[in-house]
Number of protein chains: 2
Amino acid sequence: MSRSIEVCLTPELVHLIDFTDKLVIVVDIFRATSCMVAGMGSGIESITPVATVEECLNLKKKGYISAGERGGVKIPEFHIGNSPFEYMQPDLIGKKVATTTTNGTLAIKKSEEAAEIIIGSFLNFNAILEYIILSSRDVIIHCAGWKGTFNLEDTTFAGGIISSMSQLKSESDASYMSRILWKKAKVFGLEHLLMNSAHAHRLQGMGIENDLQFCCQFDEFNIIPKVVGTELQLI
Amino acid sequence: MSRSIEVCLTPELVHLIDFTDKLVIVVDIFRATSCMVAGMGSGIESITPVATVEECLNLKKKGYISAGERGGVKIPEFHIGNSPFEYMQPDLIGKKVATTTTNGTLAIKKSEEAAEIIIGSFLNFNAILEYIILSSRDVIIHCAGWKGTFNLEDTTFAGGIISSMSQLKSESDASYMSRILWKKAKVFGLEHLLMNSAHAHRLQGMGIENDLQFCCQFDEFNIIPKVVGTELQLI
């Protein structure tokens, strides 16, 4: 039987999908998983995603770099916020980071029934494709979305991965729609499409246009962060 | 403040949307709401949507015509199944119908916080647009989906309505995506697009191609079925 690849449009729909034995790719393009890829691709030793600010502060006391946001804004007591450029600072090389974000952390947590959880973004797009090809598992792309709702950037990423994996079975309407978005991105430009997203509009005026543009770059890093126990490690 | 129009992609996401004071349009193109519009446009007096087969059979004992399906198949003890042609039979004129379907009935039930619930389909597309224009309420298009998941046909309908209502504010990514689907339908033809849907594939071989084609027709009926108490009535 041929392998399958599907998309979970938001963490609110996980109960409709069987994650057992699956390879799950968690994606939160703006900006959690893009940060994770940028950071680990730049030398951060490990990233521990946690659900709450309190857990993050506890890890800070144990020597972790604390990172994250609520509503797109850095938490005051934290070392860094949720910008990929902050994650790429040279003084973070070899450090352990604890992070909490609105949507991305939740999507990782809600994927825990899966056999493997890896972290996807446009920044490691080809690495993800290669990992899927070498795997023998069925695949789910788990979109972090925005506070439980559908978002454009994560679903377009899913469409890109699914479109590149035409040898895998993918029969749902969500998958079909994601491939339509991907085609649209190819015609109009990914950055152009995503700058029309609600998230990009929300973040406008917060001085992070550079972040969003960076998150739309392909294959800056040839790495796969993977969930191992409670943290992300490179494989 | 300008009025807004939004889309709820599946009944599983209703908790993320405030239905209070809203005008809600429930849509289940294949085939529940198309049947409701076809039936009431052809002379059925009222339709009572119920959640279970048992409730439907109880109403049958009280003289109602019983209608509905599970998994796309007619329930043996029922008078009719879930085909718009069955709903348009002349011997149903003036009759009361009780119906239960997999997705459509649930979407109506889950909209009950709304100020008004009306029934949408391509068959009464323009009537819906006129009703929205004359209303002063914010609007939610509630897609019935498929067993809780996203579907193409209901979301494309939402995109069509939202695209025709550009004077209303609509800022979510779900709305933006639905308008992309609608544009796709306009370029390639609605029927062509929807025949690629997972639902159309599922229903293939069940001898209901005519049903699906009929559900893709525009403006066969200039009516609005509305939820009044426990039943749908024409307004």
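Arg31(A) lies in the loop between strand E2 (23-27) and helix H1 (32-41) of chain A, and the peptide bond that leads into Arg31(A) from Phe30(A) is cis, with omega near 5°. The structure described here is a predicted model, and the values that follow are computed from its atoms. In chain B, Arg31(B) is likewise placed in the loop between strand E2 (23-27) and H1, and there too a cis peptide bond is found, joining Phe30(B) and Arg31(B) with omega about 5°.

**The helix after the cis bond in chain B**

Helix H1 of chain B covers residues 32-41, and 9 of its 10 residues are buried, so this helix is largely enclosed by the rest of the structure. The buried residues of H1(B) include Ala32(B), Thr33(B), Ser34(B) and Cys35(B) towards the start of the list, and Val37(B), Ala38(B) and Gly39(B) are also among them. Beyond the helix comes Gly43(B), which follows H1(B) and has a positive phi, near 115°.

**Asp211(A) and the residues around it**

Arg31(A) appears again in the surroundings of Asp211(A), a residue placed in helix H10 (residues 209-215) of chain A. When neighbours within four places in sequence are left aside, Asp211(A) is in contact with Arg31(A), Asn82(A), Ser83(A), Pro84(A) and Phe85(A). With Ser83(A) there is also a polar contact, made between the side chain of Asp211(A) and the side chain of Ser83(A) at 3.0 Å. Is Asp211(A) buried or exposed? Its relative accessible area is 5%, which is under the 20% cut-off, and Asp211(A) is therefore counted as buried.

**Positive phi in chain A**

Two residues of chain A have a positive phi although they are not glycines: Lys147(A), at about 45°, and Asp219(A), at about 60°. Lys147(A) lies in the loop between strand E8 (139-143) and helix H6 (152-163) of chain A, while Asp219(A) lies in the loop between H10 and strand E9 (225-228) of chain A. Lys147(A) is exposed, whereas Asp219(A) is partly exposed. The table sets out the relative accessible areas of these two residues beside those of two buried residues of chain A.

| Residue | Relative accessible area | Class |
|---|---|---|
| Lys147(A) | 52% | exposed |
| Asp219(A) | 33% | partly exposed |
| Ile180(A) | 7% | buried |
| Asp211(A) | 5% | buried |

**Where the two chains meet**

How many residues of chain B are in contact with chain A? There are 27 residues of chain B in contact with 27 residues of chain A, and the area buried between the chains is about 2,000 Å², of which carbon and sulfur atoms give 69%. Within chain B, Phe150(B), Asp173(B) and Tyr176(B) lose the most area to chain A, and together these residues account for 29% of what that side buries. Across the interface the rule finds 0 salt bridges, whereas it finds 8 residue pairs in polar contact, both residues of a pair being at pLDDT 80 or more.

Several helices take part in this contact, since helix H6 (152-163), helix H7 (173-188) and helix H9 (198-203) of chain B each supply at least two residues of the side that touches chain A. Of the elements of chain B, H7(B) gives the most to that side, with 7 residues. By class, the side of chain B that touches chain A has 12 nonpolar, 9 polar and 6 charged residues.

Seen from the other chain, Ile180(A) offers one example of a residue at the contact, and its place is in helix H7 (residues 173-188) of chain A. Not counting residues up to four places away in sequence, Ile180(A) touches Ile180(B), Leu181(B), Lys184(B) and Leu193(B). Within its own chain, the C-alpha atom of Ile180(A) is separated by 7.3 Å from that of Gly159(A), a residue 21 residues apart from it along the chain.

**Helix H6 of chain B**

H6(B), one of the helices that supply residues to the interface, has 12 residues and reaches 16 Å from its first C-alpha to its last, close to the 16 Å expected at 1.5 Å a residue. Of these 12 residues 11 are buried, so H6(B) is largely enclosed by the rest of the structure. Among the buried residues are Leu152(B), Phe157(B), Gly159(B), Ile161(B) and Ile162(B), together with Glu153(B) and Asp154(B).

Conventions. Residues numbered from 1 in each chain as written. Chains lettered and ligands numbered in written order. Predicted model: local features only at pLDDT ≥ 70, side-chain atom pairs only at ≥ 80, totals over all residues. Heavy atoms only, no water. Contact = heavy atoms within 4.5 Å. Buried area = accessible area lost by both parts, 1.4 Å probe. Salt bridge = Lys/Arg side-chain N within 4 Å of Asp/Glu carboxyl O. Polar contact = N/O pair within 3.5 Å; in protein donor to acceptor, adjacent residues only side chain to side chain. Helix = DSSP H or I, 4+ residues; strand = E, 2+ residues; numbered from the N terminus. Nonpolar A, V, L, I, M, F, W, Y, C, P; charged D, E, K, R; others polar. Expected span 1.5 Å × (residues − 1). Buried < 20%, exposed > 50% of the residue type's maximum accessible area, 1.4 Å probe, protein only.
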